[in-house]
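Me: I'd like to learn how to read a model like this one, feature by feature. Can you walk me through it?

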Amino acid sequence: MTVRWGISSTILAPTPQILRFAAYHLEQGAHRLYIYLDAPTPEAFNHLKAHPKIRVRTCDSAYWNQRGGRPDKHQVRQSTNATHAYNRKPEVDWLIHMDVDEFLVPQLLSVDDVLARLGDNTVAARVRPMELLGGSADAFKAFLPSGPARADTVTQIYPTYGKHLRAGFLSHVAGKLFVRTGLPDMTIQIHNAFQDNAILQGSTELVQVDLAHCHATSWEDWHAAFKYRLEHGSYRAELKPALARDKGGLSVHELFQSIASEQGDAGLRAFYDEVVGDSPDLRARLEAHGLLRKVNLDLEALAAKHFPDASV
């Protein structure tokens, strides 16, 4: 049985990054990419529009006026657009919402084949992340499932800051969710799906596929995005601590505020070097626990293949 899958993504990024994301997933077998440009990006729009497997929209004032106005929070815009993609006439059997810095990495079988093996009663399948080591093109820290040994493992790998990090990750560990299309009354959020305003039941873990998350490609990249993420993004104040407060846990927002106010950029760089910066020491600590992954995404070559007329 042939299974068709697709991705919805709300993107604010330079044209080369957008095209690399699209090209990589076309190469992996995506049947449709539903791309919502969060701001006008004419060059990217033209290249995407010309591809038969891509549906692209610019989310300008006219687009948002049809939907009651542009939400201030980008998380709400992402959810609105993902739900819009899901509720259109289905062109795929499975749809997943992803960000431009995330890439599906099947281990042995193709994404199509993995999804085809799911039972008819499975309506959602979660893909867990692995997080890029900053400064590396191919080294990732693997997802560490929850369990009694996780906290101890994390503090061994990240002795200073590990207890405040969920599975030792800077960003999410929830991953992203493939949802079978055609279900009624659906709302798609960033990491979950809801039916009739209740969490969608019938989900499984898609352990044969990883979500390569390039959250911090370098110290400069991470530092440049730090303030925005602290105020509005994945380090914002509303997120809960990984460790209970009665055990000394801080949220990532609180942790970063403390480091920044007390130690400044030198403290942030020390955090980066311990937790995410690519180094022989971090690779060795990850490898000792079986948590080092090597994946060559080959993004530039794939972008040149699928968009030969673009500068990628």
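Reply: Sure. Start with the vocabulary: helices and strands here are DSSP runs, at least four residues for a helix and at least two for a strand, numbered from the N terminus. Keep in mind that this is a predicted model. With that, the protein chain has 10 helices and 13 strands.

Me: How compact is the protein chain for its length?

Reply: The idea is to set the radius of gyration over C-alpha atoms against a globule rule based on the number of residues. For this protein chain of 312 residues the radius is 19 Å and the rule gives 20 Å, so the chain is as compact as a globular protein of that length. Its C-alpha trace spans about 50 × 40 × 40 Å along the principal axes.

Me: What share of the residues counts as buried?

Reply: Buried means under 20% relative accessible area. By that cut-off, 50% of the 312 residues are buried. The accessible surface of the chain comes to about 14600 Å², and carbon and sulfur atoms hold 49% of that.

Me: And how do I see which parts of the sequence come together?

Reply: Look at contacts, meaning heavy atoms within 4.5 Å. Take the contacts between residues at least 6 apart in sequence: 72% of these join residues at least 24 apart. For one example of a long-range pair, Arg126 and Leu211 are 85 residues apart in sequence, yet their C-alpha atoms are 9.8 Å apart in space.

Me: Let's stay with Arg126. Where does Arg126 sit, and is it buried or exposed?

Reply: You'll find Arg126 in strand β6, residues 124-132. Its relative accessible area is 12%, so Arg126 counts as buried. Beyond four places in sequence, Arg126 touches a list of residues including Ala174, Gly175, His191, Asn192 and Ser203. With Asn192 there is also a polar contact, side chain to side chain, at 2.8 Å.

Me: Helix α8 looks odd to me. How far apart are the end C-alpha atoms of α8?

Reply: The trick is to compare the end-to-end distance with what a straight helix would reach at 1.5 Å a residue. Helix α8 runs over residues 252-275, 24 residues, and its end C-alpha atoms are only 13 Å apart, short of the 34 Å of a straight helix.

Me: Where is the kink in α8 centred?

Reply: On Gln263, with a kink of about 130°. The buried residues of α8 include Leu255, Phe256 and Ile259, and also Gly267, Leu268 and Phe271. Among the elements that cover the buried residues of α8 are β7 (139-141), α7 (219-231) and α9 (280-288).

Me: What about loops? Is His215 buried or exposed?

Reply: A loop residue is read with the cut-off we used above. His215 is in the loop between β12 (203-213) and α7. At 3% relative accessibility, His215 counts as buried. Its side chain makes a polar contact with the side chain of Tyr235 at 2.6 Å. Setting aside sequence neighbours within four places, the residues in contact with His215 include Asp101, Glu131, Asp221 and Arg229.

Me: Which residue that is not a glycine has a positive phi of about 55°?

Reply: Here you check the backbone angle and the residue type together. Asp196 is such a residue, and its place is the loop between β10 (193-195) and β11 (198-199). Asp196 is exposed, with a relative accessible area of 52%. Asp298 also has a positive phi, near 55°, without being a glycine. Asp298 is found in the loop between β13 (292-294) and α10 (299-306), and with a relative accessible area of 38% it is partly exposed.

Me: One more loop, please. Which residues is Leu183 in contact with, leaving aside its neighbours within four places in sequence?

Reply: Tyr86, Val123, Gln195 and Leu200. Leu183 lies in the loop between β8 (176-180) and β9 (186-188). Leu183 and Gln195 are 12 residues apart in sequence, with their C-alpha atoms 8.2 Å apart.

Me: And what does the side chain of Thr15 reach?

Reply: A side chain can also pair with the backbone. The side chain of Thr15 reaches the backbone nitrogen of Ala44 at 3.5 Å. Thr15 is in helix α1, residues 15-27, and is buried, with a relative accessible area of 10%. Apart from sequence neighbours within four places, Thr15 is in contact with Thr41, Glu43 and Ala44.

How values were computed: Residues are numbered from 1 along each chain as its sequence is written. This is a predicted model: local features need pLDDT of at least 70, side-chain atom pairs count only at pLDDT 80 or more; totals for chains, interfaces and linings use all residues. Side-chain values use heavy atoms; hydrogens and water are left out. The expected span of a helix is 1.5 Å times one less than its number of residues. The bend at a residue is the angle between axes fitted to the seven residues ending there and the seven starting there. Buried means under 20% relative accessible area, exposed over 50%, partly exposed in between (1.4 Å probe, protein chains only). The radius of gyration is taken over C-alpha atoms; the globule rule is 2.2 Å times the number of residues to the power 0.38. Accessible areas come from the Shrake-Rupley method with a 1.4 Å probe; for residues, only the protein chains shown count as cover. A polar contact is a pair of N or O atoms within 3.5 Å; within protein, one must be able to donate a hydrogen and the other to accept it, and residues adjacent in sequence count only if both atoms are side-chain atoms.
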